[in-house]
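This briefing looks at how the chains of the assembly meet, and then at backbone geometry in two loops. Please keep the structure open alongside the text.

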Amino acid sequence: MTKRYGAVTALDDISFDVKAGELFGLVGPDGAGKSTLFRILTTLVLPDAGSATVLGFDVAKDLWQIRSRVGYMPGGFSLYPDLSVAENLEFFAAVFGTTVDAGRELIAPVYRQLEPFRDRRADALSGGMKQKLALSCALVHRPEILLLDEPTTGVDAVSRREFWDQLAVLRAAGLTIVVSTPYMDEALRCDRVALILGGRILGIDVPSAMAGRFDHPLFAVHGGDRYGLLQVLRRFPRMHSVYLFGDSLHYADDRASEPAAVVAELTAYLAANGHADARVESIAAGIEDSFIALMGTAA
Amino acid sequence: MRHGALRAFMAKEVRHILRDRQTLTILLLMPLVQVVLFGFALRSDVHDVRLVIVDPAQDVASLSLRSRFASSSRFRIVATTRSASAVEPLFRRGDAEVALAFEPDFAGRVASRTEPARVRLSVDASDPNTATVIQSYARAVIAQWAEERAADMPAVAVRPVRIATAVRMRFNPTLESVNLFVPGLIALVLTLVSALMTAISLSREKERGTMEVLLVSPLRPWQIIVGKVLPYLALAFANVITALLAAWLVFHVPFRGSVLLLLGESLLYAVVSLALGVLIAARTSSQRAAMMVAMVGTLLPSTLLSGMIFPIASMPAWLAPFTTIIPARWFIVVARGIMLKGVGLPYLWRETLVLVGMALVLMLAAVRSFKPRLA
Amino acid sequence: MTAGELAISAHGLTRRFGSFVAVDHITFDVGAGEVFGFLGANGAGKTTAIRMLIGLLAPSDGSATVAGFDVVTQRAQLRRRIGYMSQRFSLYGDLTVRENIELYGGIYGLSDADIDSRTSALLDSLGLARSAGDLVATLPLGWKQKLAFSVALLHEPAIVFLDEPTGGVDPITRRQFWELIYAAAARGTTVFVTTHYMDEAEYCDRICVLVDGTIAALGTPAALKAEHGVATVDELFVQLARGAKVTA
């Protein structure tokens, strides 16, 4: 599929598929094309070229069939702030020609936490609660597929975890879920993950395999003065890439040497450059390392 | 289940309206305030006209006529002088609006009855409209005085000051300008509430992002539009009643025709405005833009070109045809007809038909503008 | 401000909104040149606390000095010595890169000569020299953020406050941003930053975790992790936040 807005190409010839019952993650930064992709899949926008089918229906021709079967959460809070929790739910149920009771079982795990606040206005809820309400509203009409556009952005860490716990429960019940997220740890909880940047898909794979795509020896460097270490390592002749990573630096070497040899070499080099306290260890690449490498080559 | 969806949608709209207390208060009070304010402010009657008398002779007749002006509530004598030269500076300074000058032998002329006794009325015509009215008042006073004098001399056939025409202002005998404006005010109030509110309501959905979620649902565009229009129709109805009550109780505007017909026509006009509001919102990109277009595109033309304040007959020939596309123009004819003339559908069917046509066309255009996709 | 002086010093800082206590008697210090991370859930009081520190909101109780100035009585002087950047507001989209820089230079009272030289330096260091005439709205988000940060530093403040500055950008750009932060800290600028990204919390020299308006943890990431027996700041945060009152 391709989609252009004036001079900007939001989506550039992308192709992918999602299997039934899968929890599929789309990872990429702002402007990568995630929202455009969701808008095409929910039939809000037509692609300029290419095609897409959702649940077997064509997004261009069968829009009403798709719209009645999809549960959609667009980015940002998209419910009615001046209606209560219960009123929002009832509204979305009625609009889909059903009732809250009919959907009660499906939304139960999420709704349990909302229940005490059922008469509270939606704008008086915290960020995490709002997203749970939005999820409930997307689920209440028992859709066959969930399309969630960055549902956890701007939400605190605890609520994010709870949200993804709910998604895991829904997936176990057989619901197909397509989710976009900027958080790497959430990407790990998906069945398969697609990295999208600049309107292109850089890779699709199971999270563990994505990690495996990292094709250089990787090392973690610990030390007190991280900024200093960074600059020193950047000057190392055999450096392929080095970047901040949590409480350490990740360093990738451009040779295929024995890890132990590289560790010794680096330690010596760092000590010689004023970082005697530095500690180097060989590590396995994670999904974020893969993404950074893929993005680096794509840039 | 389609009806369930529409009903749920309308219930939601009603909740939005009721919970936005600030806007609701404004919407309900505004017509009241507008009618009262405009009613009192927009008048072309004149009171307390400042009159200067130029009376060289100061004889019995002139004094008699002068006392008539003095006792009139419409005039206030600000200066009395023997010479006409004193008048000019008074006009220039704005201290006087009209001057009544008697000829030197006014009493003699009146008594002789062979030649007319002359008075000269000089009116400050910088505002031609007021000048005309002042002139009419003054002549009415003079004419009445002349009639009474003539009655004292029954045998005489010639009257010193003649009145050429017998004018009777039909439907609005006292020329109360408020009667002219109030029907227009009702149109104004309806236009504002309807067009502005639907425009804002619709664009707010778009801006909030809830429109996206609404679109990805079985709700069809026509359901969304109808669901937005109907609750505001009820609000518009409440406004019409408020405006009519204000007109009747505060300004004593007559109500000679059928109330039911007026309410019906008002609702029809409200539908036209509501549809216009939806059309505007469907075509603009933000709430602010929708508001601006709604105000400029509906309020301004309605005020200026509908005949509410400025008569269409006074407009240049090239402008008059444009007034036919202003819905308010037709509604005002209907409102005035019902309120002031007491006529019914037999006389107003043409205007009603135009309004029905406009309503249908605009609703259709609104539904068609409302695309089920974003882009 | 001399070395050894505290960049920020807060004692019993409190803010109430009616009966709701948003910030509840927090006490902490930030040393000059430190990179200090401020973490907390939405509604925990982070934004309120920052607003008090930059002089936008008066405390209900307690006191604080920033760059040596009292946040209540010396707000004008304080504002000249700090920089501020938030995700919600940074630069004017309808002005060009250069115009934005000049605007803020002017606002902070820099001389024309200073503005000129610092503008060139800034543009060169970010690699934006060729885009100087482009409207900021046309820049990708990551560039906007880096530019906004540099502009916040234009008048060489002693302390810069960053409110969730890296939302939404890709991992590479976030790291580039943090390298800018490190460079500024290396020059002696104190950096006070709030973030939702727990891995960025690890980049800080010390962090402070707010839960329900009070400080639940304060110290270096390493020490706190050891103390709570967790491997990452993310786990630390979850542990602390789970103890929070269950509110909607």
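**Chain contacts and two backbone outliers**

In this model, 27 residues of chain B are in contact with 30 residues of chain A. The model is a predicted one, and the values below are computed from its atoms. Two pairs of chains are in contact, and of these it is chains A and B that share the most contacts. Chain B and chain C, by contrast, are joined by no contact, and their closest C-alpha atoms lie 17 Å apart.

**Buried area between chain B and chain A**

- The area buried between chain B and chain A comes to about 2,700 Å², and carbon and sulfur atoms give 63% of that area.
- On the side of chain B, the residues that lose the most area to chain A are R19(B), V216(B) and R373(B), which together account for 26% of what that side buries.

**Polar and charged pairs across the interface**

- Three salt bridges are counted between chain B and chain A.
- One of them pairs R19(B) with E87(A), where the closest N and O atoms are 2.6 Å apart; R19(B) is also among the residues of chain B that lose the most area to chain A.
- With both residues required to be at pLDDT 80 or more, 13 residue pairs are in polar contact across the interface of chain B and chain A.

**Make-up of the side of chain B that touches chain A**

- The elements of chain B that give two or more residues to this side are α1 (2-19), α7 (177-208) and α8 (210-215).
- Of the side of chain B that touches chain A, α1(B) supplies the largest share, namely eight residues.
- Sorted by class, the side of chain B that touches chain A has 14 nonpolar, five polar and eight charged residues.

**Positive phi outside glycine**

- Most residues other than glycine have a negative phi, and the two residues described next are therefore worth locating in the backbone.
- T43(A), which is not a glycine, has a positive phi of about 65°, and this residue lies in the loop between α1 (34-41) and β4 (53-54) of chain A.
- T43(A) counts as buried because its relative accessibility is 0%, the cut-off for buried being under 20%.
- E156(C), likewise not a glycine, has a positive phi of about 50°, and it is found in the loop between α5 (141-152) and β7 (159-163) of chain C.
- E156(C) counts as exposed because its relative accessibility is 52%, the cut-off for exposed being over 50%.

Note on methods. Residues are numbered from 1 along each chain as its sequence is written. Chains are lettered from A and ligands numbered from 1 in the order in which they are written. This is a predicted model: local features need pLDDT of at least 70, side-chain atom pairs count only at pLDDT 80 or more; totals for chains, interfaces and linings use all residues. Side-chain values use heavy atoms; hydrogens and water are left out. Contact means heavy atoms within 4.5 Å. Buried area is the accessible area (1.4 Å probe) that two parts lose on being put together, summed over both. A salt bridge is a side-chain nitrogen of Lys or Arg within 4 Å of a carboxyl oxygen of Asp or Glu. A polar contact is a pair of N or O atoms within 3.5 Å; within protein, one must be able to donate a hydrogen and the other to accept it, and residues adjacent in sequence count only if both atoms are side-chain atoms. Helices (H or I, at least four residues) and strands (E, at least two) are DSSP runs, numbered from the N terminus. Ala, Val, Leu, Ile, Met, Phe, Trp, Tyr, Cys and Pro count as nonpolar, Asp, Glu, Lys and Arg as charged, and the others, Gly among them, as polar. Buried means under 20% relative accessible area, exposed over 50%, partly exposed in between (1.4 Å probe, protein chains only).
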